[in-house]
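Welcome! Please take a look at the sequence and the structure below, and then we can walk through one residue and the ligand together.

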Amino acid sequence: MKFFVDTADIDAIRELHELGMVDGVTTNPSLIMKSGRDIKEVTKEICELVPGPVSAETVALDAEGMIAEGRELAKIGDNIAIKVPLTWAGLQACKVLTSEGRMVNVTLCFSANQALLAAKAGATFISPFVGRLDDINIDGMDLIAEIRQVYDNYDFSTEILTASIRSANHMKEAALIGADVATAPPNVIKAMANHVLTDKGLDAFMADWAKTGQSII
Ligand code: G3P
């Protein structure tokens with residue numbers, strides 16, 4: 001499973017990238033707002049740092065506007081994936097932009113039917129939001145499993161980009177289902193390293209080591 005990092009925080013991306021944990025980056029209008037940076041400026045920096053796909057989201061609500069904004073965002077770097085919402089206009093924009101050879105990430109997906117339409121429209125990535133489904137007491141991971149089955153049934157090449165990930169457990173579940181990509185905030189990727197038994201075991205080893213009176217260097 002590829003790891004995308006869901007942030008526009010350059011320092012956080014750099015830290016994970018140096019460890020080989022970043023296959024791509026996703027941003028959205030809320031994350032750009034949180035960064036306090038200019039969208040083109042910060043997205044360009046991310047594109048130069050990470051060779052993988054960097055999603056930048058359009059904000060127009062009509063297809064023509066999305067297409068124009070998508071073409072503008074694509075000028076930022078060769079690795080830009082244009083993000084459009086899963087509306088009828090978004091699907092129209094997806095079809096046009098992918099026909100031009102551009103990567104398109106169709107976002108705000110909450111049903112298998114929506115994912116099916118995105119694949120038919122040629123989407124490079126579909127972004128189902130698991131955390132926001134969990135928020136309304138619907139198991140978001142059930143949607144990932146449904147989309148996996150639908151895409152496998154018909155050999156669609158659209159990649160399932162599990163989004164709105166809120167916990168390390170979401171990462172594990174996405175990997176078990178066979179999502180192609182998971183995008184998560186930096187703290188969630190780091191939390192995957194944590195285990196209470198690792199901490200407990202390390203404490204015991206350190207205590208015993210101190211009793212030996214030895215040093216390695
Ligand atoms: O990739 C989409 C993601 O940023 C949404 O996450 O936590 O705002 O639902 P969240």
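Which backbone nitrogen lies 3.0 Å from a polar atom of the side chain of Asn-28?

## Asn-28 in its loop

It is the backbone nitrogen of Ser-30 that lies 3.0 Å from a polar side-chain atom of Asn-28. Please keep in mind that this model is predicted.

Asn-28 sits in the loop that runs between β2 (24-26) and α2 (29-35). With a relative accessible area of 14%, Asn-28 counts as buried, because the cut-off for buried is under 20%. If we set aside the neighbours within four places in sequence, Asn-28 is in contact with Glu-57 and Lys-83.

## Around the ligand

Asn-28 also belongs to the set of residues around the ligand, together with Asp-6, Phe-129, Arg-132, Ala-163, Ser-164, Arg-166 and Thr-183. The space that the ligand takes up is the largest pocket.

## Polar contacts with the ligand

Let us turn to the distances. A polar atom in the side chain of Asn-28 is 3.1 Å from an oxygen atom of the ligand. For Arg-132, an N or O atom of the side chain lies 2.6 Å from a ligand oxygen atom. Ser-164 likewise has a polar side-chain atom 2.6 Å from an oxygen atom of the ligand.

How much of the ligand's accessible area does the protein cover? On its own, the ligand has 310 Å² of accessible area, and the protein covers 81% of that.

Methods
Residues are numbered from 1 along each chain as its sequence is written. This is a predicted model: local features need pLDDT of at least 70, side-chain atom pairs count only at pLDDT 80 or more; totals for chains, interfaces and linings use all residues. Side-chain values use heavy atoms; hydrogens and water are left out. Helices (H or I, at least four residues) and strands (E, at least two) are DSSP runs, numbered from the N terminus. Buried means under 20% relative accessible area, exposed over 50%, partly exposed in between (1.4 Å probe, protein chains only). A polar contact is a pair of N or O atoms within 3.5 Å; within protein, one must be able to donate a hydrogen and the other to accept it, and residues adjacent in sequence count only if both atoms are side-chain atoms. Contact means heavy atoms within 4.5 Å. A residue is near a molecule or strand if one of its heavy atoms lies within 4 Å of it. Accessible areas come from the Shrake-Rupley method with a 1.4 Å probe; for residues, only the protein chains shown count as cover. On a 1 Å grid over the protein atoms alone, a cavity is a set of points where a 1.4 Å probe fits but cannot get out, and a pocket is an open set with protein on both sides within 12 Å along at least five of seven lines; lining residues have an atom within 4 Å of a point. A molecule sits in a cavity or pocket if more than half of its atoms lie within 2 Å of its grid points.
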